[in-house]
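Trainee: I'd like to learn how to read a fold piece by piece. Could you walk me through one?

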Amino acid sequence: MHEISLCLSALELIEDQARRHGGNRITGVWLEIGALSCIEEEALRFCFDSACRHSQAEGCRLHVSYAPAQAWCWQCGTRVSVQGYDSGCPQCGSHALRVESGDQLQVKQIEID
């Protein structure tokens, strides 16, 4: 389960930003999961809650959104959005794709008091 290490890293970043902006308590966190990240949302939520115990972010609201992956189709020469590794090009149906993004977990926004 890699979600716990991702959550611990995200928490470190979030707490650092809260300190830089003079925040005492983190009340909300918005995370974006890439379509190809292999992150399970339920596991992420559980691990995030566990990681936040006894921290500035304890009890904060976690908001999760998803971002499609971006790939380049070698067949038709188009940049396309894909939802999984087995997805074909939505333009031509080819599976000759070079994945360019979509495996990320990003902190998009934090809310602090």
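Mentor: Sure, we'll go through helices, sheets and cores in turn, keeping in mind that this is a predicted model.

Trainee: Let's start with helix H1, residues 3-20. What span should its 18 residues have?

Mentor: Count 1.5 Å a residue, which gives an expected 26 Å for H1; the C-alpha atoms at its ends are 26 Å apart, so the two agree. Just after the helix comes Gly22, with a positive phi near 75 degrees.

Trainee: Which residues of H1 are buried?

Mentor: Here, buried means under 20% relative accessible area. In H1 that picks out Glu3, Cys7, Ala10, Leu11, Ile14, Glu15 and Ala18. They span an arc of only 135 degrees around the axis, which means they sit on the same side of H1. On the face turned away from that buried side you'll find the exposed residues Glu12, Arg19 and Arg20.

Trainee: And what covers the buried residues of H1?

Mentor: The cover includes strand E1 (26-34), helix H2 (41-52) and strand E6 (105-112).

Trainee: Two of those are strands. What is the strand order in their sheet?

Mentor: To read a sheet, go across it strand by strand and check the sense of each pairing. This one is open, has three strands in the order E2-E1-E6, and its pairing is mixed. E2 and E6 are at the edges with a single partner strand each, so each has one side without a neighbour in the sheet. From one strand to the next, the twist averages 20 degrees.

Trainee: How many bridges hold E1 and E6 together?

Mentor: Seven, in the antiparallel sense. For one of the partnerships, look at Val29, whose bridge partner in E6 is Ile110. H1 packs on this sheet, touching E1 and E6, and its direction makes about 40 degrees with that of E6. H2 packs on the sheet too, touching E1, E2 and E6, with about 150 degrees between its direction and that of E2.

Trainee: Now the interior. Which residues touch the most other members of the largest nonpolar core?

Mentor: With a core, ask who has the contacts and which elements contribute. Among the 19 residues of this core, Ile26, Val29, Leu44 and Phe48 touch the most other members. At least two core residues come from each of H1, E1, H2 and strand E2 (61-67). Take Phe48: setting aside neighbours within four places in sequence, Phe48 contacts Cys7, Ile14, Val29, Cys60 and Leu62. Another core, of seven residues, lies apart from the largest one and has Ala69, Ala71, Cys73 and Val80 among its members.

Trainee: Several of those fall in strand E3, residues 69-73. Which residues are on the covered face of E3, and which on the uncovered one?

Mentor: In a regular strand, side chains alternate between the two faces of the sheet. In E3, Ala69, Ala71 and Cys73 make up the covered face, while Gln70 and Trp72 are on the uncovered one.

Trainee: What is the order of the sheet that holds E3?

Mentor: E4-E3-E5, an open sheet of three strands with antiparallel pairing. Its edges are E4 (79-82) and E5 (97-101), each pairing on one side only. Neighbouring strands are turned by 40 degrees against each other on average, direction ignored.

Trainee: And how is E3 joined to E4 and to E5?

Mentor: Four bridges join E3 to E4, and four join E3 to E5. Ala71 has Val80 as its bridge partner in E4, and Trp72 stands opposite Arg98 in E5. E3 and E4 also form a hairpin, with five residues between them; in the turn, Gly77 has a positive phi of about 70 degrees.

Definitions and conventions
Residues numbered from 1 in each chain as written. Predicted model: local features only at pLDDT ≥ 70, side-chain atom pairs only at ≥ 80, totals over all residues. Heavy atoms only, no water. Pairing = 2+ DSSP bridges. Axes fitted to C-alpha atoms, helices over the stretch in contact; angles between N-to-C directions. Expected span 1.5 Å × (residues − 1). Buried < 20%, exposed > 50% of the residue type's maximum accessible area, 1.4 Å probe, protein only. Arc of directions from axis to C-beta. Contact = heavy atoms within 4.5 Å. Core = buried A, V, L, I, M, F, W, Y, C linked by side-chain atoms within 4.5 Å.
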